[in-house]
Amino acid sequence: MCVAVASCEKPIVEDIAPGQEGQKSQVVITIADIESGWASSTRAQVSVADVCSRVQFAIYQNGTRVEAKNQAAGDDGFGTLTLQLDAGDYQLLVLAHSSKANITTTSPAKLAFTNPGSSNGTGYSDTFYYYGTMSVTDGETRVSIDMKRATSMFRLVTTDVKPAEVKRLQFYYEGGSGALDATTGFGCVKSKQSVFVDLDDSQTGKPLQIDMYTFLHAETGSVDFTVKAFNATDDIIYSHEFSSVSMQRNCITRYTGLFFVSDQPDQPDQPDDPEPDTPSPLVVTVDPDWASTFDYTF
């Protein structure tokens, strides 16, 4: 028997002795590795359970989804799917992420993650994907796939500490996408992404590090961020704009600086007319889990 699977990275396929002709074939799909490093020759490979809490499998034929299975961390066989399929050619989607809900996989060309504050919002997380063609013949088919990271990360690091009156932050950003086209690996809509981050008293008096995710429309892109700090009565007491932030797929863009500051002593930044933060020149470092980190100070 001959089994073929096509994708951007060719998976490992084993030929098993065929069964009786006309019966459904058993198909075993296993996530072998997750992309999390610099280049194919040096990148680190990790288990899906190390980086994601949800795995979704979807199988399509002639433009229609014929199978869909979702797994959560802790499930038996997390990262492996066994099912029965008729012989034929299929398209295989595997999506791994840590959002608070599963993503609708009706179409692999639009996998929509949504703002966490919206009705049934999923939120955004680090996300990995595989999409390719799978040929099934009589007998057992085993497919071992490598997944690629689809996301880019914006990381805010404060060098000053969180004041007691700051209770939450809002990250509002445009230029990326909240929806992934798994057939291309890039974002497919122009999104206005908004994420609120609640802060508790244990974080008072400490610097903060907060990460935001998006899907770019190409390998590189530019995203505008506005970050606001609120008090207990939802008044904006600090606001910063980070304009034209340069980002790259599978990379972190890190902005580090004083965040809880005002233009005048004892006066918060005015939210209606925030001053854009001007970053310093770019420094590039290598992160063990992401391809690169692009560092700026503000």
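Reader: What is the relative accessibility of Arg142?
Author: This model is predicted: local features need pLDDT of at least 70, side-chain atom pairs count only at pLDDT 80 or more, and totals for chains, interfaces and linings use all residues. Residues are numbered from 1 along each chain as its sequence is written, and side-chain values use heavy atoms, with hydrogens and water left out. Buried means under 20% relative accessible area, exposed over 50%, and partly exposed in between (1.4 Å probe, protein chains only). Arg142 counts as partly exposed, with a relative accessibility of 34%.

Reader: Which residue forms a salt bridge with Arg142?
Author: A salt bridge puts a side-chain nitrogen of Lys or Arg within 4 Å of a carboxyl oxygen of Asp or Glu. Here the closest N and O atoms are 3.2 Å apart. The partner is buried, at 16% relative accessible area. That partner is Glu140.

Reader: How many residues apart are Asp201 and Lys167?
Author: Asp201 and Lys167 form a salt bridge, with 3.5 Å between the closest N and O atoms. Asp201 sits in the loop between strands E16 (192-198) and E17 (209-214), and Lys167 in the loop between strands E12 (152-158) and E13 (168-174). The pair links distant parts of the chain, and the separation is 34 residues.

Reader: Which is exposed, Asp201 or Lys167?
Author: Lys167 has 30% relative accessibility and counts as partly exposed. Its partner reaches a relative accessible area of 57%. The exposed residue is Asp201.

Reader: What is the N to O distance between Asp295 and Arg254?
Author: Side chains of opposite charge can pair when their charged atoms come close. Asp295 is buried at 15% relative accessibility, whereas Arg254 is partly exposed at 22%. Their side chains meet in a salt bridge, N to O, at 2.5 Å.

Reader: How many salt bridges does the structure hold?
Author: Those between Glu140 and Arg142, Asp201 and Lys167, and Asp295 and Arg254 are among them. The structure's total is eight.

Reader: Which strands stand at the edges of the open sheet E9-E14-E15?
Author: Strands are DSSP runs of E, at least two residues, and helices are runs of H or I, at least four, numbered from the N terminus. Two strands pair if DSSP finds at least two bridges between them. The three strands are ordered E9-E14-E15, with antiparallel pairing. Each edge strand has a single partner, so one side is left without a neighbour in the sheet: these are E9 (111-112) and E15 (186-187).

Reader: Which residue in E15 stands opposite Asp181?
Author: Strand E14 covers residues 179-181 and runs antiparallel to E15, joined by two bridges. Opposite Asp181 stands Phe186.
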